[in-house]
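Got your viewer open? Load the model, colour it by secondary structure, and let's walk through it one selection at a time.

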Amino acid sequence: MSTTPDDDATTGLPARGVFVSFEGGDGSGKSTQSRLLGEWLEQAFGREVVRTREPGGTQLGRTMRELVLHGEDVDPRTEVLLYLTDRAHHVASLVRPALERGAVVITDRYLDSSLAYQAGGRELDLARLRDMQLWAVDGLLPDVTILLDLDPALLPQRLSATGLAPDRLERSGEQFHRRTREAYLALAAAEPERWRVLDASAGIEEIAEQVRAAVAPLLDRARARAAGAAGDPVDGAGGGTGGEPGAAPRPGGRLDASTVAP
Ligand SMILES: Nc1ncnc2c1ncn2[C@@H]1O[C@H](COP(=O)(O)OP(=O)(O)O)[C@@H](O)[C@H]1O
Ligand SMILES: [Mg+2]
């Protein structure tokens, strides 16, 4: 494998890894589903899985997470820059190296959180915010972004189930959460090839199955790309029929999920 990322023209992704982000409001099930997805990928495929989160995926990020979520109130521009600093460092020091190794990276929140919360919730300019985000991450977008879409009316019972004190975002009020939800849905509608919108009020296992169906085809694609780059056949790591041995990479291709199901 080359140490230089073999960029996919459509996504800017390195050739080998798979990058999955979970988005949605607090209490929508991101932590639950990212854990279940990670366990499935490790058990069924033996893949290296890196589960991480924003803010707080690095030491610098954990310090900033404390500042942003539990510190003094900051104005919206400062808040944008704090999240952006965390994200730039997170991508450069953790996400990109893992993708270059061929890992599956699952992040609980990524740049779309900033677009939904800071542009949607706090009404800053979306186009400018998007440019800033893309600059900070040097263009790295997820292979798939899973939106766990939850009616804010269902939020109180979810949050009380966690038994945790609400943090600053959770206390922001129902209007804020409604605007954020609308912003997420608009982002997903604008880029349907990257997003999967799932009904987060469904059962945990039902959602997990939909998440697996969204991610499985990407594993096949990444394997095909990796095999094409290395010149060796795709092995049947999933124990199944394993796609087409030695198949040429198909950037942006969507293979049948059943070919990788365990
Ligand atoms: N589909 C679901 N149905 C009912 N409860 C859920 C579901 N998904 C998660 N939960 C519960 O809701 C709470 C919040 O879930 P969590 O995964 O922590 O959400 P997030 O990480 O998005 O804040 C937890 O107590 C979790 O067990
Ligand atoms: Mg969580």
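Here is a tour in six stops, from the whole chain down to single residues. One thing to keep in mind throughout: this is a predicted model.

**Stop 1: the whole chain.** Start with everything in cartoon. The secondary structure comes to eight helices and five strands. Trace the chain through the sequence and the pattern reads β-α-β-α-α-β-α-α-β-α-α-β-α. There are 262 residues here, and 38% of them are buried. Now think about contacts between residues with a separation of 6 or more: 75% of those join residues 24 or more positions apart.

**Stop 2: strand E1.** Select residues 18–23, which form strand E1. Is this strand enclosed or open? Six of its six residues are buried, so E1 is largely enclosed by the rest of the structure. Turn on side chains and look at the two faces. Val18, Val20 and Phe22 sit on one side, Phe19, Ser21 and Glu23 on the other, and both faces are covered.

**Stop 3: the strands beside E1.** Add residues 104–108, strand E3, to your selection. E3 and E1 run parallel and are joined by five bridges. To find one of the pairings, pick Val20: its bridge partner in E3 is Ile106. Next add strand E4, residues 144–149. E4 also pairs with E1 in the parallel sense, over four bridges. Click on Ser21 and you should find Thr145 of E4 standing opposite.

**Stop 4: helix H1.** Now select residues 30–45, which is helix H1. How far apart should the ends of this helix be? At 1.5 Å a residue, its 16 residues should span 22 Å, and the end C-alpha atoms are indeed 22 Å apart, which agrees. Highlight the buried residues: Lys30, Gln33, Ser34, Leu37 and Leu41. They cover an arc of only 100° around the axis, which puts them on the same side of H1. Just after the helix comes Gly46, whose phi is positive, near 60°.

While you are in H1, zoom in on Gly38. Is Gly38 buried or partly exposed? With 17 C-beta neighbours inside 10 Å, short of the 20 needed to be buried, Gly38 counts as partly exposed. Setting aside residues up to four places away in sequence, Gly38 touches Val49, Arg51 and Ile106. You met Ile106 a moment ago as the partner of Val20. For a distance to check in the viewer, try Gly38 to Val50: they are 12 residues apart in sequence, and their C-alpha atoms are 7.9 Å apart.

**Stop 5: ligand 1.** Show ligand 1 as sticks and bring up its surroundings. Which residues are the closest? They are Gly29, Lys30, Ser31, Thr32 and Ala161, out of 15 that surround the ligand. The elements giving two or more residues to this shell are helix H1, helix H6 (155–162) and helix H8 (204–230). Colour the shell by class and you get four nonpolar, eight polar and three charged residues.

**Stop 6: Ala116.** Finish at helix H4, residues 111–121, and pick out Ala116. Ala116 is buried, with 26 other C-beta atoms within 10 Å. What does Ala116 contact, leaving aside its neighbours within four places in sequence? Select Thr180, Ala183, Tyr184 and Leu187. Thr180 is 64 residues away along the chain, yet its C-alpha is separated from that of Ala116 by 5.4 Å.

Technical notes: Residues are numbered from 1 along each chain as its sequence is written. Chains are lettered from A and ligands numbered from 1 in the order in which they are written. This is a predicted model: local features need pLDDT of at least 70, side-chain atom pairs count only at pLDDT 80 or more; totals for chains, interfaces and linings use all residues. A residue is near a molecule or strand if its C-beta atom, placed from the backbone, lies within 6 Å of it. Ala, Val, Leu, Ile, Met, Phe, Trp, Tyr, Cys and Pro count as nonpolar, Asp, Glu, Lys and Arg as charged, and the others, Gly among them, as polar. A residue is buried if 20 or more other C-beta atoms lie within 10 Å of its own, exposed if 12 or fewer, and partly exposed in between; C-beta atoms are placed from the backbone. Two strands pair if DSSP finds at least two bridges between them. Two residues are in contact if their C-beta atoms, placed from the backbone, lie within 7 Å. The expected span of a helix is 1.5 Å times one less than its number of residues. The arc is that of the directions from the helix axis to the C-beta atoms.
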